[in-house]
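Please look over the sequence and the model shown here. The report below takes its strands, salt bridges and surface in turn.

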Amino acid sequence: MAPGAPSSSPSPILAALLFSSLVLPLAQAIVVYTDKEVHGAVGSRVTLHCSFWSSEWISDDISFTWRYQPEGGRDAISIFHYAKGQPYIDEVGTFKERIQWVGDPHWKDGSIVIHNLDYSDNGTFTCDVKNPPDIVGKTSQVTLYVFEKVPTRYGVVLGAVIGGVLGVVLLLLLLFYLTRYCWLRRQAALQRRLSAMEKGKLHKAAKDSKRGRQTPALYAMLDHSRSTKAASEKKAKGLGESRKDKK
């Protein structure tokens, strides 16, 4: 290589970076799931579900954080935190005495319940999960709508109608198969009864036939006995007349 010409081989630092990028696996981001929106009535309670997926085992340092942004507000405040196996309710805002922890980290569940809902609770709730060393990932948000009376959604009505129709169809099918089963069972019992009657008739006919074959034989024996007796009497009479002629 000529003096002063640029080197074509990579620097040691660049080579190390390339090697580490090839050897070390890429970290997979944690994924958090919540409902898109939930509805609740004034004075009732609602469950805010939060679950997650992580490529790591459940860590002892796993943490859940819930934040709340009021409807029309710009800033979000922390209202709940779970860490080191203990739930902590933040002593700020209107939720401090109305939040209940119902999650279970071993089931990848970070859900909370908000009691005694009010119109002022309308807003967006954000769930954030950290499962060290898996701490990279996006949060998930659920919007809460509080009503005087929870409206019935079209999907719920349609689902109820479909469920009712399917229930009626299943009931009709059950009645059909039950009726068919009873009819087949009755037919089988009737067939067995007819078969038994036919067997009885055949047995009786066999007995009558056997008895009919025995009667002529008896008559033949009686005729043979009578003819034998008559021949004997005739023979005896002939002997008596011959004796008289000799005298």
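Is Gly 110 buried or exposed? Gly 110 is buried, because its relative accessible area is 0%; buried means under 20%, exposed over 50%, and partly exposed in between, with a 1.4 Å probe and protein chains only. This is a predicted model, in which local features need pLDDT of at least 70 and side-chain atom pairs count only at pLDDT 80 or more, while totals for chains, interfaces and linings use all residues. Residues are numbered from 1 along each chain as its sequence is written, and side-chain values use heavy atoms, with hydrogens and water left out.

**Around Gly 110**

Gly 110 sits in the loop between strand 8 and strand 9. Strands (E, at least two residues) and helices (H or I, at least four) are DSSP runs, numbered from the N terminus. Neighbours within four places in sequence aside, Gly 110 contacts Cys 50, Phe 64, Trp 66, Trp 101 and Gly 103. Contact means heavy atoms within 4.5 Å. Trp 66 is 44 residues from Gly 110 in sequence, yet the C-alpha to C-alpha distance is 9.2 Å.

**Strand pairing**

Strands of a sheet pair through backbone hydrogen bonds, either parallel or antiparallel. Two strands count as paired if DSSP finds at least two bridges between them.

Strand 5 (residues 63-70) runs antiparallel to strand 6 (residues 77-83) over 6 bridges. In this pair, Trp 66 stands opposite Phe 80 of strand 6. The hairpin has 6 residues between the strands, and Gly 72 takes a positive phi near 85 degrees there. Strand 5 also pairs with strand 10 (residues 123-130), antiparallel over 8 bridges. Here Gln 69 has Thr 124 in strand 10 as its bridge partner.

An open sheet of 3 strands has the order 3-9-8, with antiparallel pairing. Strand 3 (46-48) and strand 8 (99-101) are at the edges with a single partner strand each, so one side of each lacks a neighbour in the sheet. Neighbouring strands of this sheet are turned by 30 degrees against each other on average, direction ignored. The axes behind that value are lines fitted to C-alpha atoms, for helices over the stretch in contact, and angles run from 0 to 180 degrees between N-to-C directions. Strand 8 and strand 9 (residues 112-114) share 3 antiparallel bridges. Gln 100 faces Val 113 of strand 9.

**Salt bridges**

The count is 3 salt bridges, each a side-chain nitrogen of Lys or Arg within 4 Å of a carboxyl oxygen of Asp or Glu.

| Acid | Base | N to O distance |
|---|---|---|
| Asp 61 | Lys 84 | 2.7 Å |
| Asp 121 | Arg 98 | 2.8 Å |
| Asp 128 | Lys 130 | 3.9 Å |

Asp 121 lies in the loop between strand 9 and strand 10 and Arg 98 in the loop between strand 7 and strand 8, so their bridge ties together parts 23 residues apart in sequence. Both Asp 121 and Arg 98 are buried. By contrast, Asp 61 is partly exposed at 39% relative accessibility, and Lys 84 is exposed at 62%. Asp 128 is buried at 12%, whereas Lys 130 is partly exposed at 27%.

**Surface of helix 2**

Tyr 177 belongs to helix 2 (residues 154-246). Tyr 177 is exposed, at 53% relative accessibility. Together with Val 161, Val 165, Val 169, Leu 170, Leu 173 and Phe 176, Tyr 177 makes a nonpolar surface patch of about 690 Å². Patches are made of residues with over 30% relative accessible area and no salt bridge; like charges are joined within 9 Å, nonpolar side chains (Val, Leu, Ile, Met, Phe, Trp, Tyr) within 5 Å. Accessible areas come from the Shrake-Rupley method with a 1.4 Å probe, and for residues only the protein chains shown count as cover.
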